Amino acid sequence: MVRLSGVNDSRRTDSNTQGLAIDRPTPARMYDYFLGGKDHYDVDREAAEQVKAALPNTREIVWENRFFLQRAVRYLAEAGIDQFVDLGTGLPTKGNVHEIAQAITPHARVVYVDNDPIVLSHGRALLATNPNTTVITADIREPDSILEHPDLRALIDFSRPCAVLFVAIMHFIPDDADPYGAVAAFRDVLAPGSYLALSHLTSDIVPADQVRRVVEVYEAATSPIVFRTGPQIERMFDGFDVVAPGLVHPWQWQPWLKSPYETEEMRTDWLWAAVGSNTPSLGVG
């Protein structure tokens, strides 16, 4: 029997895993494993360990990205944004978008989106008493399924400024699934004063053999992984002005907002990250 990490209950039945891809690793559950969570299966741990064998500092890369998410949300909330759509959210863990945003603006509304059903079940349980936050199951490759989802529309008013977070998710969208079209679909519904936050794995200045080995591991997962160049990632910001300091490594973005838990080891060359505004006066040109 495939078991959730930390669970050793022989009474668990097939209904507990109904609708879950438990025969193949998923990015959400592998990400949870890298963050030290407990919501993953044997198949996820095995794949994650293969990634770590190819890329020994995987945990540091994941945490570097996690801290970028937290910095970006804090920056946006302090800029007055009180609506957030977090795409490819992964499993609930400490320092989530709603925790940061609502600590600054208690009425802030947050919608989490992931295509892994386990995210929905865990997220709904966690957020049962939070009326301004919800989780939906949908796929970024079908943006209309997100934008027209009644649970999203119940919380998010696209006639007002909103932040859409594509943090460490677009490298799971291959070129034949039109990643640029997916970003554009959200860009086109955003009111003036809105933002896009995005981070993405890059092949620019890292060893090609390590990139190849990581790609091979994810070929067996529910989503492949695609490393892109800086110019390819910058193209995802078409229609936005990138705010200072531009497209940089996550640890370089707004360093004055960094968490006391960030370490020197979390400064890597594996990701590019930026925040874009659709209000030109807020950009850096």
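**Exercise 1. The surroundings of the first helix**

What covers the buried residues of α1? Work this out for the predicted model shown above, and then describe how α1 packs against α3.

*Solution.* Begin with the helix itself, which spans residues 27–34 and is mostly covered, with seven of its eight residues buried. The buried residues are Pro27, Ala28, Arg29, Met30, Asp32, Tyr33 and Phe34.

Next, look for the elements that lie over these residues. The cover of the buried residues of α1 includes α2 (42–54), α3, β2 (109–114), α5 (117–126) and α9 (208–218).

Now take one of these partners, α3, and describe the packing. Two packed helices are described by the angle between their axes and the distance between the axes. For α1 and α3 (residues 58–78), the angle is about 100 degrees and the axes are 9 Å apart. Angles of 65 to 115 degrees count as roughly perpendicular, and therefore α1 is roughly perpendicular to α3.

The residues that make this contact are Tyr31, Tyr33 and Phe34 on the α1 side, and Thr58, Arg59, Val62, Trp63, Asn65 and Arg66 on the α3 side. Sorted by character, the residues of the contact divide into five nonpolar, two polar and two charged.

Finally, follow the chain just past the end of α1, where Gly36 takes a positive phi of about 85 degrees.

**Exercise 2. The order of the sheet**

In what order do the seven strands of the open sheet lie, and which strands are its edges?

*Solution.* Reading across the open sheet gives the order β3-β2-β1-β4-β5-β7-β6, and the pairing is mixed. The edge strands are β3 (133–137) and β6 (241–242), since each of them pairs on one side only.

To see what mixed pairing looks like, compare individual pairs. β1 and β2 run parallel and are joined by five bridges, and β2 and β3 also run parallel, again with five bridges. At the β6 end, by contrast, β6 and β7 (residues 271–277) pair in the antiparallel sense over two bridges.

Single residues make these pairings easier to locate in the structure. Val85 stands opposite Val111 in β2, while Val111 has Thr134 as its bridge partner in β3. In the antiparallel pair, Val242 stands opposite Gly276 in β7.

The strand β2 is also mostly covered, with five of its six residues buried. Among the helices that lie across the sheet, α4 (residues 97–104) crosses β1 (83–87), β2, β3 and β4 (163–167), and it runs at about 170 degrees to β2. Helix α8 (residues 179–187) lies across β1, β4 and β5 (195–201), running at about 165 degrees to β4.

**Exercise 3. Backbone angles in the loops**

Which peptide bond is cis, and what is the phi of Ala168 and of Gln254?

*Solution.* Start from the general expectation: most residues other than glycine have a negative phi, and most peptide bonds are trans.

The cis bond runs from Ala244 to Pro245, with omega near 10 degrees, and Pro245 lies in the loop between β6 and β7.

That loop between β6 and β7 also holds Gln254, whose phi is positive, near 45 degrees. Gln254 counts as buried because its relative accessibility is 4%, where the cut-off for buried is under 20%.

Ala168 likewise has a positive phi, near 55 degrees, and it lies in the loop between β4 and α8. With a relative accessibility of 13%, Ala168 therefore counts as buried.

**Exercise 4. From one glycine to the whole chain**

Is Gly90 buried or exposed, and which residues does Gly90 touch, not counting residues up to four places away in sequence?

*Solution.* First place the residue: Gly90 sits in the loop between β1 and α4. Its relative accessibility is 6%, so Gly90 counts as buried.

Then list its contacts. Leaving out residues up to four places away in sequence, Gly90 touches Ala28, Asp114 and Val119. A further comparison is with Thr26, which is 64 residues from Gly90 in sequence, with their C-alpha atoms 9.8 Å apart in space.

Last, set this beside the values for the chain. Among contacts between residues at least 6 apart in sequence, 74% join residues at least 24 apart. Of the 285 residues, 55% count as buried.

Key:
Residues are numbered from 1 along each chain as its sequence is written. This is a predicted model: local features need pLDDT of at least 70, side-chain atom pairs count only at pLDDT 80 or more; totals for chains, interfaces and linings use all residues. Side-chain values use heavy atoms; hydrogens and water are left out. Axes are lines fitted to C-alpha atoms, for helices over the stretch in contact, and angles run from 0 to 180 degrees between N-to-C directions. Helices (H or I, at least four residues) and strands (E, at least two) are DSSP runs, numbered from the N terminus. Angles under 35 degrees count as roughly parallel, over 145 as roughly antiparallel, 65 to 115 as roughly perpendicular and the rest as oblique. Contact means heavy atoms within 4.5 Å. Ala, Val, Leu, Ile, Met, Phe, Trp, Tyr, Cys and Pro count as nonpolar, Asp, Glu, Lys and Arg as charged, and the others, Gly among them, as polar. Buried means under 20% relative accessible area, exposed over 50%, partly exposed in between (1.4 Å probe, protein chains only). Two strands pair if DSSP finds at least two bridges between them.
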